[in-house]
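I opened this one to see what sits inside the fold and what the loops are doing. My notes follow in the order I looked things up.

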Amino acid sequence: MKILLAALGLFLAFGALPPAARAADGDRHMFVIENFKLENGTVLPKAVVMYGTYGKLNAAKDNLVLLGSHYMADSHGYEWLIGPGKALDPAKYFCVTTELFGNGKSSSPSNTPEPFHGPRFPVTTIRDNVEATRLLLEHEFGVTHARAIVGFSMGAQQAFQWAVSHPDFADRFVATSGTARTWPHGIVRLESQIAAITTDPAFKGGDYVEQPKAGLSAFGMVWAPWLYSQEWWRKELWREGAEPGTTFDKVVDRFRNNFITGGDANNIILQMRTWEKHDVGTTPGFDGDTIKALRAIRAPFLYMPSETDLYFPLEDARYEAQFMPTVVFKPIPSLWGHTAGAASNPADAKFLNETIGAFLAADQKPMGG
């Protein structure tokens, strides 16, 4: 696979791989929850969760690995980790990849009828997504315990939330390029990106007739400097795997005009609201105490921040890790910023697959047939 995918931001490209790159058994499915009550008390008459599967559930139902999607991604966002010779071989594991509310396919502002269409769609939390996924696993597969829960970025947020809300649900947890809480600096960043969209007069409070193109363009440009490390830009690592004729100006133009192809402004904003609200400390029973929640994690937890991540800085991850009694802390040595956690280049792909594969293999309990 080309490293830069024609210079499009890799953060989103890994959630939208071309069909030729998708595994044959990566078909997507729909799970519907009637009258799904959110944390804020709102009831969605029909909540939809889209998901994909790779491999087969064994007779003992003990080989399931759950992977929650990252920002605006679909269920194909983990094919850097799933496949023969990779950490999650479908011949051994049954992988379920879910899609977050707000991605335009699961329940979202753009596809939900009134009274919750557009800007009236309620803000969903990571815990809402975890609860919907718990129902999916139980009702679709009869699974109440997973082999592992793995996540990148907002998927990492889900992994942390699972480990706090349901500490015995999985044998092991893995989080790459994501933290247990969105710390204040991250909220400020997200608010700047939301403002880039909402200040476009065409946004009209979310009741736009056409997508607010100027706002979305500004959003892409505000996002661009945060995605990769400063050294990545200085060393022009965007050249690696780029199509012939790619230039710095063309890379920047992709952010300006085509960052999230076909993205809906309300969907984009909703997932940022979900992102910025995340804090395991606000889980019921922890009274807003993030440290107390982290100390409650019981299963082995592989924590893999990117050393150059500007979204979820290494310092924030290191701070959290000191309170986790079962943590294996393994930073990703990369210049690829946030995208390192999704194997945006061959070196990071090798490091992630080897490290995650070894972590999962360390659990020697045999799986059923």
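Before anything else, a cut-off I need: I call a residue buried under 20% relative accessible area, exposed over 50%, and partly exposed in between. I also note that this is a predicted model.

**Entry 1: the first hairpin**

I started with Glu 39, which I found in the loop between E1 and E2. Is Glu 39 buried, partly exposed or exposed? Its relative accessibility is 40%, so I put Glu 39 down as partly exposed. Leaving out neighbours within four places in sequence, I see Glu 39 in contact with Thr 125, Arg 127 and Asp 128. I also checked Glu 39 against Val 164: the two are 125 residues apart along the chain, and their C-alpha atoms are separated by 16 Å.

Then I looked at the strands on either side. Strand E1 (residues 28-37) pairs with E2 in the antiparallel sense, over nine bridges. For one register point I wrote down Phe 36, which stands opposite Leu 44 in E2. The two strands make a hairpin with five residues between them, and Gly 41 in the turn has a positive phi of about 95°.

**Entry 2: backbone oddities**

Next I went through the backbone angles. Lys 61 is not a glycine, yet its phi is positive at about 55°. I located Lys 61 in the loop between strand E2 (43-54) and strand E3 (64-68). Its relative accessible area is 37%, so Lys 61 goes down as partly exposed.

Ala 343 also has a positive phi of about 55° without being a glycine. I found Ala 343 in the loop between strand E8 (327-329) and helix H11 (346-361). Ala 343 is buried, because its relative accessible area is 7%.

I flagged a cis peptide bond too: it joins Glu 114 and Pro 115, with omega about 15°. Pro 115 sits in the loop between E4 and H2.

**Entry 3: Thr 124 and Asn 129**

I stayed with that loop for Thr 124, which is found between strand E4 (94-98) and H2. How accessible is Thr 124? I get 0% relative accessibility, so Thr 124 counts as buried. Not counting residues up to four places away in sequence, Thr 124 touches Leu 38, Phe 101, Asn 129, Leu 270 and Thr 274.

Asn 129 was the obvious next stop, and I found it in helix H2. Asn 129 has a relative accessible area of 5%, so I list Asn 129 as buried. Beyond its sequence neighbours within four places, Asn 129 is in contact with Leu 100, Phe 101, Thr 124 and Thr 274.

**Entry 4: cavities**

How many cavities of 30 Å³ or more are there? I count four. The largest cavity holds about 100 Å³ of space. It is lined by 15 residues, and those closest to its centre are Trp 183, Gly 186, Tyr 311, Pro 313 and Asp 316. By class, I sorted that lining into eight nonpolar, four polar and three charged residues. Helix H4 (residues 184-198) gives the most to the lining of the largest cavity, with four residues.

The second largest cavity has about 50 Å³ of space. Asn 129 turned up again here: it lines the second largest cavity, along with Val 49, Thr 98, Glu 99, Leu 100, Phe 101, Ala 132, Thr 133 and Gln 158. I make that lining four nonpolar, four polar and one charged. Helix H2 (residues 126-141) gives the most to it, with three residues.

**Entry 5: core and a covered strand**

Which members of the largest nonpolar core touch the most other members? In this core of 106 residues, I got Tyr 71, Phe 160, Phe 219 and Met 272. I followed up on Phe 160. Its contacts beyond four places in sequence include Ala 175, Val 280, Leu 294, Ile 297, Phe 301 and Met 324. Glu 320 and Thr 179 are among its contacts as well.

Last, I looked at strand E6 (residues 170-176), where seven of its seven residues are buried. Strand E5 (residues 146-152) pairs with E6 in the parallel sense, over six bridges. For the register, I noted that Val 150 has Val 174 as its bridge partner in E6.

Notes:
Residues are numbered from 1 along each chain as its sequence is written. This is a predicted model: local features need pLDDT of at least 70, side-chain atom pairs count only at pLDDT 80 or more; totals for chains, interfaces and linings use all residues. Side-chain values use heavy atoms; hydrogens and water are left out. On a 1 Å grid over the protein atoms alone, a cavity is a set of points where a 1.4 Å probe fits but cannot get out, and a pocket is an open set with protein on both sides within 12 Å along at least five of seven lines; lining residues have an atom within 4 Å of a point. Grid points are joined across faces, edges and corners, and a volume is the space filled by probe spheres set on the points. Ala, Val, Leu, Ile, Met, Phe, Trp, Tyr, Cys and Pro count as nonpolar, Asp, Glu, Lys and Arg as charged, and the others, Gly among them, as polar. A nonpolar core is a set of buried Ala, Val, Leu, Ile, Met, Phe, Trp, Tyr and Cys residues joined through side-chain atoms within 4.5 Å. Buried means under 20% relative accessible area, exposed over 50%, partly exposed in between (1.4 Å probe, protein chains only). Contact means heavy atoms within 4.5 Å. Two strands pair if DSSP finds at least two bridges between them.
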